[in-house]
Amino acid sequence: MNPEEKIGRMLEQGAVRSFGPGFADRVMGRLSATRSIPLSTGLERSFLRLVPLALAAAAVLAALNLRQSGQGQTTVDAMLGLPAVTLAAAYELGDQP
Amino acid sequence: MDPGTTDDILLEQARRGEDAAFRHLVDRYHSVVATTVVGMLGPGDDADDVGQETFIRFHAALGQFRGEAALGTYLRRIAMNLSLNALKRRRWTAFRFVSRDQSPTSIDEPPVDGVDLEAAETRAVVRAAIDRLGPKHRSVVVLRMIEGLSTKETAEVLDLPLGTVLSRLARALAELETTLGPYARDGGPLGGGGGR
């Protein structure tokens, strides 16, 4: 066997052909950790978290509007905070510059 | 999962998000990746990290892999590119911080005749010799000499012309002859023992 062949054999003998035990577990663990969440899923989750807060805020504002409502307003107008549509209000608009 | 399941079937299942199929591919090809990565970087956490990253990148590219190259070749290419990047980082780090607890194994002195080196010692000697090679020569030696790929396959993984692979291999062998020659000559401590 010539020196070149021997060097080749040494290289083969000296090669390490595996990682430490549990390599596949480490890969799968890292994969699940780095697996990215799609944007649409992220937005959907954020939206669902905000829904109860948004509903509560809307209910509070509607209740405040109802308390401050004047006469001649429907309940829906009052809840939405819309001003009463009266002849006097129309004249007031006409007087504005 | 049936061990006889073909790569194509496993790939299709992995593309559909079946982790068990991907894990099976990791089990099947981890030694291919390990030989490349550990050959380039030496054993240790660094190599393990690059090995994991190889499979993470492969998973991310599952949709793009259409089987133009063999799966082993494809994985070797990812592993080799990541290993070369790691070597660049390592050289930059070594340039900035000289570590005292990672002194390279010395192979300056030839071994004493009649003393048998154990497998671990062989690995240390070979490792030190490989570490002395530059990244270009090292990559050719790892693929051609350690992994046993053909020159054509080596050229395919490294994306190089055949002539370049051959000339790099010749230069790398000349360097290895200088460092490993004393061990490889007849009567040397590694003269005995079987191959792979």
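What follows walks through a predicted two-chain model, from the overall make-up of each chain to the contact between them and a few individual residues.

Since the model is predicted, local features need pLDDT of at least 70 and side-chain atom pairs count only at pLDDT 80 or more, while totals for chains, interfaces and linings use all residues. Residues are numbered from 1 along each chain as its sequence is written, and chains are lettered from A, with ligands numbered from 1, in the order in which they are written.

Helices throughout are DSSP runs of H or I with at least four residues, strands are runs of E with at least two, and both are numbered from the N terminus. On that count, chain B comes out with eight helices and zero strands, which reads α-α-α-α-α-α-α-α from the N terminus on. Chain A has five helices and, again, zero strands, giving α-α-α-α-α. As for burial, a residue is buried if 20 or more other C-beta atoms lie within 10 Å of its own, exposed if 12 or fewer, and partly exposed in between, with C-beta atoms placed from the backbone. Buried residues account for 35% of the 196 residues in chain B and for 9% of the 97 residues in chain A. Contacts are counted when two C-beta atoms, placed from the backbone, lie within 7 Å. Of the contacts in chain B between residues at least 6 apart in sequence, 61% join residues at least 24 apart.

Now for the contact between the chains. Chain B puts in 37 residues and chain A puts in 25 residues. On the chain B side, H2 (19-41), H3 (45-60), H5, H6 and H8 each supply at least two residues. H2(B) gives the most, with ten residues. By class, Ala, Val, Leu, Ile, Met, Phe, Trp, Tyr, Cys and Pro count as nonpolar, Asp, Glu, Lys and Arg as charged, and the others, Gly among them, as polar. The side of chain B that touches chain A then splits into 17 nonpolar, eleven polar and nine charged residues.

One helix pair across the chains is H2(A), residues 23-34, with H3(B): their axes come within 9 Å and cross at roughly 50°. Axes here are lines fitted to C-alpha atoms, for helices over the stretch in contact, and angles run from 0 to 180 degrees between N-to-C directions. Angles under 35 degrees count as roughly parallel, over 145 as roughly antiparallel, 65 to 115 as roughly perpendicular and the rest as oblique. The crossing angle therefore makes H2(A) oblique to H3(B). The crossing of H2(A) and H3(B) is also right-handed, in the sense that the near helix is turned clockwise from the far one by less than a right angle, anticlockwise being left-handed. From H2(A), A:Phe23, A:Arg26, A:Val27, A:Arg30, A:Leu31 and A:Thr34 meet B:Gly51, B:Gln52, B:Phe55, B:Ile56 and B:His59 of H3(B). That contact has five nonpolar, four polar and two charged residues.

H5(B) also has chain A among its neighbours. Spanning residues 119-131, the helix has 13 residues and reaches 18 Å from first C-alpha to last, close to the 18 Å expected at 1.5 Å a residue, the expectation being 1.5 Å times one less than the number of residues. Its buried residues are B:Thr122, B:Arg123, B:Val125, B:Val126, B:Arg127, B:Ala129 and B:Ile130. Their cover includes H1 (3-14) of chain A, along with H6 (135-146) and H8 (162-184) of chain B.

Within chain B, the axes of H7(B), residues 151-158, and H8(B) come within 9 Å and cross at roughly 105°, so H7(B) is roughly perpendicular to H8(B). B:Thr151, B:Lys152, B:Thr154, B:Ala155 and B:Leu158 of H7(B) make this contact with B:Leu162, B:Val165 and B:Leu166 of H8(B). The tally is five nonpolar, two polar and one charged. In the loop between H7 and H8 sits B:Asp159, which has a positive phi of about 55° despite not being a glycine. B:Asp159 counts as exposed because it has 9 C-beta neighbours inside 10 Å.

B:Lys136, in H6 of chain B, has 15 such neighbours inside 10 Å and so counts as partly exposed. B:Lys136 and B:Val165 are 29 residues apart in sequence and 9.4 Å apart, C-alpha to C-alpha. B:Leu41, in H2 of chain B, counts as buried because it has 25 C-beta neighbours inside 10 Å. Leaving aside neighbours within four places in sequence, B:Leu41 touches B:Asp46, B:Ala47, B:Val50, B:Ser83, B:Ala86 and B:Leu87.
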